[in-house]
Protein chains: 2
Amino acid sequence: MRGDGRYPLTEADLLSLSIGAALLGTGGGGNPYVGMLRSRELLRKGATVEVLPLDALADDAWVGEVGGIGAPVVGVEKIEQGEECYRALRAVEEVSGVRISALICAEIGGANSMEPVITAAQAGLPVLDGDGMGRAFPEVQMTTFFIYGAKPAPAAIADDKGNTVVFRDVLDMYWLERFARDTAVAMGAGAGLAIAPMRGDFVRRAAIPGTMTQALEIGRTILDARAKRQDVVGRIIAATGATLFFTGKVTDIRRELLGGFARGEAQIAGSGEWHGSEARIAIQNENLVLWVDGRPVIMVPDLIINLDLETGEPITTEVLRYGQRLAVIGLPAHELLKTPEAMAVVGPGAFGYPDLVFSPLAGGRVGNGKDVR
Amino acid sequence: MRGDGRYPLTEADLLSLSIGAALLGTGGGGNPYVGMLRSRELLRKGATVEVLPLDALADDAWVGEVGGIGAPVVGVEKIEQGEECYRALRAVEEVSGVRISALICAEIGGANSMEPVITAAQAGLPVLDGDGMGRAFPEVQMTTFFIYGAKPAPAAIADDKGNTVVFRDVLDMYWLERFARDTAVAMGAGAGLAIAPMRGDFVRRAAIPGTMTQALEIGRTILDARAKRQDVVGRIIAATGATLFFTGKVTDIRRELLGGFARGEAQIAGSGEWHGSEARIAIQNENLVLWVDGRPVIMVPDLIINLDLETGEPITTEVLRYGQRLAVIGLPAHELLKTPEAMAVVGPGAFGYPDLVFSPLAGGRVGNGKDVR
């Protein structure tokens, strides 16, 4: 990394980024592996992608936010064609009449960590070191961009077959989520979404800074610990400042695909001396709430991360299965997700738990601590 | 009517048009009454709408096709804001960069008979004497325009709240139906759709000619027969050349709302001397197939029309109810709906009856008999 925070993504970085992004996906966000392969192929063919710190953005630069949209359960099996986000981005540029000069992640967690990298390689643009969630969330409006006032239109969605739909006038971010989700499901549950271009000064204030680099570093830590045959879970906790909340074995897992979302619940029986005899995790694509012995101990927007107890591999909700041995760790969400405005959009109430009073975790941090806002 | 086939729609015409359109709706297409009231209000405020015969169209004139989209069962209760089609039309003009000089009905049957009249009054455009169905059909691709090659994009849909979605690149007319239907359902199942502008020479070949005038005349016949206390069903049959297939009483009616469509089946027990003891009608928004004593006697695209036995009122599927006494009449679809290309899109097989071999009705005619194609 150069002193000014800019650096080019290397082939080796892509694997690290994808592993760190899976961890920040908090069980959802889709598997970044296929996107990693696609972006690697683009780099091998000569494309370069530079990571740019948020403070390198000019006030009047236009930033594009792109990401895949659909249901992660479908995403596991669905290999996308690869230009969905790029075509959505071009449609948004055309309709809004502006030229995008940098891209940013909607969500650093899961597959969407790789989408702006792929689009950046295709469009010859830099990608910003930051995102709109600092984790993964299931819905379009759940980004700091929308929470802090990004316009819901014009946005565009494109599929792998050549269809492009433009959301030209949209009342608010909830309507955008509704239209985009339904269109993605109609398209076959795997499509690229580009939202309305945002100005540089807005993105510097509204984005969660440093998350691209943080994902990269988490991935490097995991790979390094594996190579040295160290305790991977321990290294992750040391590197992130996360807290270990529970260890145990999955005894029950229910999942259903409902309106484009994977909803369900996992039960874990405690083993070892860790904090309680039974845990339960509520899921809507991502892990929403962790209860230990009936008491809620971590809840959205804070991060609930399941790691394979032996390998430290982040376990996504779609591969969670009976008998798996897990370490459940918690990481506090970025401060931008804990304001009153944010709580209305990503707090427990927004996920159907109006009775849960958000009690923030301590220890660790998402982002690089630079709150330019 | 002037000698050249042009004429202005009067307030009195609107009621006749709506009644005739309900009959041509073959049980579906939604109730035109609310649209009639809206267009009447526009005329009373000083708007004028001229009906233009197809052969008045210049080759290079651009024609807009607009219509409401949603589920008729919802449509009964939902009063639209009134500018949905107009806003969709303006979005399509803007995206395609052409100026529309005349409007045409997607379907003359049901509520969509009034939509281009309303939009014409709002936009100061004439409305063409013709449509794309000569009846009502449940899906967007089921028009002679799409059957004979109209482009599926750019099309646009608008709701009553201010949302507009543009279908910018669409693979084919089936994808357009899918996107438009899902978006309409997301919008609350009542929205205005405008398809890509069509050239005048194409519309002259592909439209079913004279159906606006025909609906008007059917409506006038019904009103006249009622005023004179004549046998309304008999007058309708005499005026249209339709054939009476069954009279009887509804003994069972099933309806469900499925993916934006009203699907179901009606059973009718024969009364009087008419052709059989039991009839059954399959419904997908419109009446699809009539069986008499187990034998299919009318099937799509031919028109199956239920009339109230006493009043001659066309009965839409959503108000069909136990105990109603009906006359079921049949009218042959226009020739443009009976070619091999058309059969693939609107024949029995396209509606889930691959085993039914289409056997065309004789007697009567939809349209004015001028086949410019």
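**Exercise 1. The strands at the contact between the chains**

Which residue of strand 7 of chain B does A:Val165 stand opposite? Place the pair within the contact between the two chains.

*Solution.* The model is a predicted one, and the partner to be found is B:Phe167, which stands opposite A:Val165 in strand 7 of chain B. The next step is to look at the strands that hold this pair: strand 7 of chain A is joined by 5 bridges to strand 7 of chain B, residues 164–169, and the two run antiparallel. Widening the view to the whole contact, one counts 18 residues from chain A and 18 residues from chain B. On the side of chain A that touches chain B, strand 7 (164–169) and helix 7 (173–187) each supply at least two residues. Sorted by class, that side of chain A comprises 9 nonpolar, 4 polar and 5 charged residues.

**Exercise 2. The relation between the copies**

What turn and what shift lay chain A on chain B, and which C-alpha of chain A is nearest the axis?

*Solution.* The superposition takes a turn of 180 degrees with a shift of 0.1 Å along the axis, and it leaves an RMSD of 0.0 Å between chain A and chain B. Such an operation is the relation of a two-fold axis. In chain A, the C-alpha nearest this axis belongs to A:Val166, at 2.4 Å from it. As for the surfaces involved, the same one serves both copies, since 100% of the contact residues of chain A recur in chain B.

**Exercise 3. The buried side of helix 10**

Which residues of helix 10 of chain A are buried, and which elements do they pack against?

*Solution.* Helix 10 of chain A spans residues 232–240, and its buried residues are A:Val232, A:Val233, A:Ile236, A:Ile237 and A:Thr240. These residues lie on the same side of helix 10 of chain A because they cover an arc of only 135 degrees around the axis. The general rule behind this reading is that an α-helix has 3.6 residues a turn, so residues three or four places apart point the same way. The buried residues of helix 10 pack against helix 9 (211–227), strand 11 (243–258), strand 16 (303–308) and strand 17 (325–331) of chain A. Just after the helix, A:Gly241 takes a positive phi of about 75 degrees.

Two of these packing partners can be followed further. Strand 16 and strand 17 of chain A pair in the antiparallel sense over 6 bridges, and within this pairing A:Ile304 stands opposite A:Gly330 of strand 17. Of the 6 residues of strand 16 of chain A, 5 are buried, so the strand is largely enclosed by the rest of the structure.

**Exercise 4. The chain as a whole**

How many helices and strands does chain A have, and what radius of gyration would a compact globule with 373 residues have?

*Solution.* The secondary structure of chain A comes to 11 helices and 17 strands. For 373 residues a compact globule would have a radius of gyration near 21 Å, and the 19 Å of chain A agrees with that. Taken along the principal axes, its C-alpha atoms fill a box of roughly 60 × 45 × 40 Å. Of the 373 residues of chain A, 61% count as buried. Finally, among the contacts in chain A between residues at least 6 apart in sequence, 76% join residues at least 24 apart.

Note on methods:
Residues numbered from 1 in each chain as written. Chains lettered and ligands numbered in written order. Predicted model: local features only at pLDDT ≥ 70, side-chain atom pairs only at ≥ 80, totals over all residues. Contact = placed C-beta atoms within 7 Å. Helix = DSSP H or I, 4+ residues; strand = E, 2+ residues; numbered from the N terminus. Nonpolar A, V, L, I, M, F, W, Y, C, P; charged D, E, K, R; others polar. Pairing = 2+ DSSP bridges. Buried ≥ 20, exposed ≤ 12 C-beta atoms within 10 Å, placed from the backbone. Arc of directions from axis to C-beta. Least-squares fit on C-alpha atoms with pLDDT ≥ 70 in both. Rg over C-alpha atoms; globule rule 2.2 N^0.38 Å.
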